[in-house]
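User: Please examine the structure below and justify the terms used to describe it.

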Amino acid sequence: KPKVLGYRERAKLCSNPITQRLFEIMEKKRTNLALSADLTDSKQLLQLIDKTGPYICIVKTHIDILEDFSEDFIEKLSQLASKHEFLIFEDRKFADIGNTVVHQFSGGVYHISNWAHIINAHTVPGAGVIQGLKMVKTQNGCGCLLIAEMSSAGNLATGDYTQATVKMAEENKDFVIGFISVSNLSPDPELVHMTPGVQLECGRDDLGQQYLTPSEVITRRGSDVIIVGRGIYQAPDPAEAARQFQVAGYDAFVARLTE
Ligand code: S5P
């Protein structure tokens with residue numbers, strides 16, 4: 001069985017500055033929690049992020065669900081990222097040919113390449129999607145996660161598709177920093193695994209989302225980061241919920257380290 005590394009050791013092994021920084025933040029703040037910040041009002045979203053900031057290592061955005069997007073929102077989000085020390089992950093799920101994703105990543109209304117530290121992509125178009133995204137000049141030296149598995153019922157990202165995605169990651173480590181997955185797919189310490197579909201109890205929603213617990217995801221399945229949305233922002237006290245997920249996620253990691 002491969003030895004489980006602590007976050008500081010992982011940081012030292014990472015040649016990509018984004019993963020290095022991520023593991024340093026995880027070590028310093030003792031958290032493997034990513035907030036999935038899926039609110040549609042920018043003022044409420046910024047308040048949620050400011051309140052939960054101390055407990056998280058990443059804020060994951062869906063910038064295109066904001067009803068009132070503005071440059072000012074990005075400015076304030078970036079200020080909160082410095083204040084609380086977290087990385088910004090735009091969950092854009094790029095999934096087109098290289099030439100198209102160049103424009104989607106750098107242009108349009110959102111100019112994602114100017115502010116995101118992490119983005120993600122589906123691998124259904126083939127390696128061209130990675131080649132395209134990689135060409136774009138970024139502000140923060142952005143890293144990309146490949147969606148190797150999904151949390152939703154009946155999804156097609158399984159078997160050979162997942163394995164081909166792992167291979168694409170291993171072949172593009174200058175830009176690809178890891179996976180969205182629901183299990184550990186590669187022993188390479190430079191590749192980070194992030195898992196959505198996490199709540200404190202197992203279950204599902206009405207639209208196919210399937211939930212696992214922090215200990216299932218981190219201790220048993222060997223993922224690195226839990227991504228939590230409704231479990232936090234729909235809780236009566238989101239800051240307290242974030243604190244509970246931080247503790248549950250971190251305890252689950254310590255359990256894996258010491259098992
Ligand atoms: O397979 C996936 C991949 C992603 S990135 N399943 C997911 O649920 N996600 C995202 O994680 C999804 O878009 C949403 O933003 C978040 C899960 O939200 P929750 O409210 O169910 O925790």
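Analyst: Lysine 93 is found in strand S3, where strands are DSSP runs of type E with at least two residues, numbered from the N terminus, and helices are runs of H or I with at least four. This is a predicted model, in which local features need pLDDT of at least 70 and side-chain atom pairs count only at pLDDT 80 or more, while totals for chains, interfaces and linings use all residues. Residues are numbered from 1 along each chain as its sequence is written, and side-chain values use heavy atoms, with hydrogens and water left out.

User: What makes the phi of lysine 93 notable?

Analyst: Lysine 93 is not a glycine, yet its phi is positive, at about 45°. Glutamate 85, also not a glycine, has a positive phi near 60°; this residue lies in the loop between helix H4 (71–84) and S3.

User: Why is the pair formed by lysine 60 and the ligand called a polar contact?

Analyst: A polar contact is a pair of N or O atoms within 3.5 Å; within protein, one atom must be able to donate a hydrogen and the other to accept it, and residues adjacent in sequence count only if both atoms are side-chain atoms. A polar side-chain atom of lysine 60 lies 2.8 Å from a ligand oxygen, so the pair falls within the cut-off. An N or O atom in the side chain of histidine 62 is 2.9 Å from an oxygen atom of the ligand, and a backbone N or O atom of glycine 229 also lies 2.9 Å from a ligand oxygen.

User: How much of the ligand does the protein bury?

Analyst: The ligand taken alone exposes 500 Å², of which the protein buries 91% (Shrake-Rupley accessible areas with a 1.4 Å probe; for residues, only the protein chains shown count as cover).

User: Which residues come nearest to the ligand?

Analyst: They are Asp38, Lys60, Ser151, Tyr211 and Arg230, of the 14 residues around the ligand; to be near, a residue needs a heavy atom within 4 Å.

User: What makes the space taken by the ligand a pocket?

Analyst: On a 1 Å grid over the protein atoms alone, a pocket is an open set of points with protein on both sides within 12 Å along at least five of seven lines, whereas a cavity is a set where a 1.4 Å probe fits but cannot get out; lining residues have an atom within 4 Å of a point. The ligand takes the space of the largest pocket, and a molecule sits in a pocket if more than half of its atoms lie within 2 Å of its grid points.

User: Which element gives the largest share of the lining of the largest pocket?

Analyst: S3 does, with three residues.
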